[in-house]
Amino acid sequence: MPALKPTSFTAKITWLGHVPDRDASLASEPLEQMDLTWAGVATEAHGGETRPSCTRVKSQHPRGTEIANVRQLTILSAEELTEIAAEMGVDAFNPAWAGISIVIEGIPDFTHVPPSSRLQAESGATLVIDMENRPCHLPAKVIEEDAPGKGKAFKTAAVNRRGVTAWVERPGALKVGDILRLHIPDQPVWQHLDAARAE
């Protein structure tokens with residue numbers, strides 16, 4: 001019995017980008033095509049099959065521990081970026097400001113799609129959604145360069161809108177304009193989730 005259910009929800013890729021040198025800047029540079037490998041994108045500083053653990057998993061691993069890289073890419077929705085921009089008081093949010101890999105359009109409340117969902121292109125190239133990408137202060141410096149006085153507003157504006165992290169399940173190429181179909185785990189929400197969160 002299949003564990004993943006194809007849905008009628010689809011999204012169009014409106015922007016692709018990569019961060020070529022994380023030490024130099026968090027800002028991403030636009031791409032017309034993204035060639036996905038098992039390690040993510042070859043030119044992406046966040047790529048690789050493994051990565052050093054960070055503060056997001058500090059309850060599980062000492063910082064810097066080598067772990068599987070389920071943060072090869074960051075994906076945000078155009079709709080949520082519009083909401084972030086409005087709350088920040090800027091005309092539009094440039095995806096490069098936050099080191100975004102992929103911007104999609106068409107899936108409502110995208111940040112909260114179930115973990116382990118898939119986004120699959122018609123070519124078969126497939127991304128696995130790890131989990132929500134929590135907002136942080138790091139994009140503020142990049143934002144300040146283009147929109148002085150607005151950088152500090154990002155972290156608050158991006159709460160529940162920061163998109164997701166993802167990793168490559170099936171390599172292939174993605175292009176701006178490609179359509180991705182959402183596939184979700186065919187299982188109910190764990191009935192003890194609220195109790196576990198309250199601990």
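Student: Which residues does Gly172 touch, if I don't count residues up to four places away in sequence?

Tutor: In this predicted model, Gly172 touches Met34, Asp35, Leu36 and Ala125 once residues up to four places away in sequence are set aside.

Student: And where does Gly172 sit in the secondary structure?

Tutor: Gly172 belongs to strand S12, which covers residues 172-175.

Student: Is Gly172 buried, partly exposed or exposed?

Tutor: Gly172 has a relative accessible area of 24%, so it counts as partly exposed, given that buried means under 20% and exposed means over 50%.

Student: How far is Gly172 from Pro139 in space?

Tutor: Their C-alpha atoms are separated by 29 Å, and the two residues are 33 residues apart along the chain.

Student: OK, let's move to Val168. Which strand is that in?

Tutor: Val168 is found in strand S11, made up of residues 164-170, and with a relative accessible area of 3% it is a buried residue.

Student: What does Val168 touch, again leaving out residues up to four places away in sequence?

Tutor: The residues that Val168 touches on that count are Leu36, Thr37, Trp38, Gly40, Gln72, Leu73, Thr126 and Leu127. Leu36 is a name you have met already, since Gly172 touches it and Val168 touches it too.

Student: And what separates Val168 from Asn69?

Tutor: Along the chain they are 99 residues apart, while in space the separation between their C-alpha atoms is 9.8 Å.

Student: How much of the contact pattern in the whole protein joins residues at least 24 apart?

Tutor: If you take the contacts between residues at least 6 apart in sequence, 72% of them join residues at least 24 apart.

Student: While we're on the whole protein, how many helices and strands are there?

Tutor: The secondary structure comes to four helices and 13 strands. The protein is as compact as a globular protein of its length, because its radius of gyration is 17 Å, close to the 16 Å that the globule rule gives for 199 residues.

Student: What about its extent and its surface?

Tutor: Along its principal axes the C-alpha trace spans about 55 × 45 × 35 Å, and the accessible surface comes to about 10900 Å², with 53% of that belonging to carbon and sulfur atoms. As for the inside, buried residues make up 44% of the 199 residues.

Student: How are the charges placed on average?

Tutor: There are 20 positive and 26 negative charges, and the mean positions of the two sets are 5 Å apart.

Student: Back to single residues, then. Where is Ser53, and is it buried or exposed?

Tutor: Ser53 lies in the loop between strand S5 (50-52) and strand S6 (66-68), and it is buried, with a relative accessible area of 4%.

Student: What lies 2.8 Å from a polar atom of the Ser53 side chain?

Tutor: That is the backbone oxygen of Pro62. Pro62 also appears among the residues in contact with Ser53 beyond its neighbours within four places in sequence, which are His61, Pro62, Arg63, Gly64, Thr65 and Ile67.

Student: And Ser77, where is that one?

Tutor: Ser77 is part of strand S7, residues 73-77, and it is buried, with a relative accessible area of 1%. Apart from its neighbours within four places in sequence, Ser77 is in contact with Val103, Ile104 and Phe110.

Student: How far is Ile100 from Ser77?

Tutor: Ile100 and Ser77 are 10 Å apart in space, C-alpha to C-alpha, and 23 residues apart in sequence. Ile100 sits in the loop between helix H1 (78-88) and S8, and at 0% relative accessibility it counts as buried. Its contacts beyond neighbours within four places in sequence include Trp15, Gly17, Leu76 and Phe93.

Student: Last topic: what is special about the phi of Ser116?

Tutor: Ser116 has a positive phi of about 80° although it is not a glycine. As background, most residues other than glycine have a negative phi. Ser116 lies in the loop between strand S8 (102-105) and strand S9 (118-121), and at 33% relative accessibility it is partly exposed.

Student: What is the phi of Asn160, and where does Asn160 lie?

Tutor: The phi of Asn160 is near 65°, a positive value in a residue other than glycine, and Asn160 lies in the loop between helix H3 (154-157) and S11. At 41% relative accessibility, Asn160 counts as partly exposed.

Note on methods. Residues numbered from 1 in each chain as written. Predicted model: local features only at pLDDT ≥ 70, side-chain atom pairs only at ≥ 80, totals over all residues. Heavy atoms only, no water. Helix = DSSP H or I, 4+ residues; strand = E, 2+ residues; numbered from the N terminus. Buried < 20%, exposed > 50% of the residue type's maximum accessible area, 1.4 Å probe, protein only. Polar contact = N/O pair within 3.5 Å; in protein donor to acceptor, adjacent residues only side chain to side chain. Contact = heavy atoms within 4.5 Å. Rg over C-alpha atoms; globule rule 2.2 N^0.38 Å. Areas by Shrake-Rupley, 256 points an atom, 1.4 Å probe, with all protein chains shown as cover. Lys, Arg positive; Asp, Glu negative; His and termini not counted. Charge placed at Lys NZ, Arg CZ, Asp CG, Glu CD.
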